[in-house]
Amino acid sequence: MSQTAVVIGSQWGDEGKGKITNYLSEKADVVVRYQGGDNAGHTICFNNTTYKLHLIPSGIFYPKTMNILGNGMVINPLNLVNEINELKALGFKCDNLYISDRAHVIFEYHLILDELNENKLGNNKIGTTKKGIGPAYTDKVARIGLRMADFVADDFPKVFTEKLKQKNDDIINLGGKALEIEKTVLKYQEVALILKPYVTDTILLLNEAHANGKKILFEGAQGALLDIDFGTYPYVTSSNPSSGGVAIGSGLGLTKIDEVLGIVKAYTTRVGEGPFPTELNNELGNTIREIAHEYGTTTKRPRRIGWFDGVVVRYSAMINGLTGISLMLLDVLTGFDELKICVNYTLDGKVVKTIPARLSDYSRCIPNYITLPGWKESIKDVKTFTELPLNARKYIETIEEVVGVPVVMFSVGPDKLQTIIRKEIF
Ligand code: GDP
Ligand code: IMO
Ligand code: MG
């Protein structure tokens, strides 16, 4: 049993991180988001209800669990207040929510700049969620961002007025419409008052919780292949979703991380632009999309669909140091005659076992597959590994072999109850 565990998206996002975080949260004392913002869309289903969270950690439904928005996040305060209000209306009080005073704030100008930057890129656009993520992290690194501590401070109106003037210049330079300064300042002042009670030194809080033996769960957003350092650059997000981002984005030191659980879809999806070697740009891809309702939680865009890519997940296992895999959406693969798993690529006649750095190389990689027989029986009500049809067990075992990491959990439906544990995390 471990004291701390990280839930990591191990492909291109939307692997089912929300579902597993929520499942594990029941036993966790603290749940922490450590990067990203409301570009994330995490779906949680229990008691016949579906919840969609973008900023708030998936442990919010348990009143005794502390839910932290870590310093590595970029937070849109208007959307955070909306998310809090929606949860309150459903009976979840949110007084177990804590916001890092060091997290950066996403303002309206970041969203405008995200849109203008994308327009400028034309055919080379990233396909961002247009939530202002890139521009907010750009400001952070350029050392001109505003943090939560600044946002709730008394001199915020003065500081923000100056910032707005500079940002309006940037917007006008890119052909956009300037924001009305007074109106914008007033709007954010109101929201700052609402959020102030939640803002605190979460680094201290988290380290004290750890010292007191509390169980801590980190909820990654996005996925390893969208990581700014390890992903398919430039078709990535602007943060570090991979496990290395945990210490940076939360303030809990590296030596305190016990388990790194890779959340892995039984096939592959991707939203937005960028290379995707195993993509099924055909009827089969469309069929899987409809069976699994593969449409973005945040942007509603249809997700691109492909076969399981063993190179992607092996790479992910390596950069994240995965200790186990939670294999998701296995039920979606029921009913197919054959299933394919990509084991390596061929690039210019040579076998490639990992992801090449250059996009032009990666785009030319041709996947090499092994073909496995499918299964026809419904697996939605399965409660143990041995109850699975033989071919479903073989599919899981093949993934374990190709990736080199044990499948410690798997999921056969969106509901919390449709989760099968092979090795306990907490
Ligand atoms: P996240 O961003 O990683 O939290 O994933 P999303 O919530 O964006 O997308 C995952 C989708 O798959 C959601 O609609 C979930 O309800 C759904 N889901 C999760 N696990 C399973 C599963 O095992 N089977 C099926 N059919 N759906 C699942
Ligand atoms: P969750 O946490 C899937 C993708 C966008 C785009 C790229 C950059 O739900 O798995 P950004 O707005 O971050 O600058 O967009 O990253 N992207 C996601 N794709 N799931 C997500 O989050 C994503 N968050 C960002 O589609 O390709
Ligand atoms: Mg999602």
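In this predicted model, a good place to begin is the second largest pocket, to whose lining α1, β3, β4 (49–53) and α10 (283–292) each supply at least two residues. Of these contributors, β3 gives the most, with four residues. The pocket has a volume of about 640 Å³, and its lining comprises 31 residues, of which T43, A292, R303, L329 and P414 lie nearest its centre. Sorted by class, that lining holds nine nonpolar, 11 polar and 11 charged residues.

Two of the strands just named, β3 and β4, also belong together as a pair, for they run antiparallel to each other and are joined over five bridges. They form a hairpin with two residues between them, and in the turn N47 has a positive phi of about 50°. T43, already met as one of the residues nearest the centre of the second largest pocket, has K52 in β4 as its bridge partner.

From α10 the chain passes into the loop between α10 and β13 (304–306), where H293 is found. H293 is not a glycine, yet its phi is positive, at about 50°. With a relative accessible area of 61%, H293 is exposed. As background for such angles, most residues other than glycine have a negative phi, and most peptide bonds are trans.

The largest pocket, with a volume of about 760 Å³, draws on other parts of the chain, and α3 (108–121) and α4 (133–141) each supply at least two residues of its lining. The lining of this pocket counts 39 residues, and I126, T128, T129, V236 and T237 are those that lie nearest its centre. In terms of class, 13 of the lining residues are nonpolar, 18 are polar and eight are charged.

A cis peptide bond, with omega about 5°, joins Y233 and P234. P234 is placed in the loop between β10 (216–219) and α9 (244–250).

The next site to visit is the magnesium ion, ligand 3, whose protein donors are D14, through OD, and G41, through its O atom, at 2.0 to 2.2 Å from the ion. These two donors bring together distant parts of the chain, since D14 sits in the loop between β1 (4–9) and α1 (17–25), whereas G41 sits in the loop between β2 (30–33) and β3 (42–46), 27 residues apart. G41 is buried, with a relative accessible area of 11%. D14 has a phi near 60°, which is a positive value in a residue other than glycine.

The loop between β1 and α1 that holds D14 also contains Q11. At 2% relative accessibility, Q11 counts as buried. Although Q11 and K265 are 254 residues apart in sequence, their C-alpha atoms are 7.8 Å apart in space.

The strand that precedes this loop, β1, takes part in an open sheet of 10 strands, arranged in the order β9-β7-β5-β2-β10-β1-β11-β15-β19-β20, with mixed pairing. At its edges are β9 (199–200) and β20 (419–421), each of which pairs on one side only. Within the sheet, β1 and strand β11 (residues 259–265) run parallel and are joined by five bridges, and G9 stands opposite I263 in β11. In general, strands of a sheet pair through backbone hydrogen bonds, either parallel or antiparallel.

Another strand, β12 (residues 268–270), contains R270. R270 is buried, with a relative accessible area of 1%. In contrast to the pair Q11 and K265, which are 7.8 Å apart, R270 and K163 are 35 Å apart from C-alpha to C-alpha, with their positions 107 residues apart in sequence.

The last element to consider is helix α11 (residues 310–320), which is largely enclosed by the rest of the structure because nine of its 11 residues are buried. The buried residues of α11 are G310, V311, V312, V313, Y315, S316, A317, I319 and N320. At the N-terminal end of α11, D309 acts as a cap, with a side-chain oxygen lying 2.9 Å from the backbone nitrogen of V311. Just after α11 comes G321, which takes a positive phi of about 65°.

Notes
Residues numbered from 1 in each chain as written. Chains lettered and ligands numbered in written order. Predicted model: local features only at pLDDT ≥ 70, side-chain atom pairs only at ≥ 80, totals over all residues. Heavy atoms only, no water. Donors = N, O, S within 2.8 Å, 3.2 Å for Na, K, Ca; no water. Buried < 20%, exposed > 50% of the residue type's maximum accessible area, 1.4 Å probe, protein only. 1 Å grid on protein atoms, 1.4 Å probe; cavity = no way out; pocket = protein on both sides within 12 Å on 5 of 7 lines; lining within 4 Å. Points joined across faces, edges and corners; volume = space filled by probe spheres on them. Nonpolar A, V, L, I, M, F, W, Y, C, P; charged D, E, K, R; others polar. Pairing = 2+ DSSP bridges. Polar contact = N/O pair within 3.5 Å; in protein donor to acceptor, adjacent residues only side chain to side chain.
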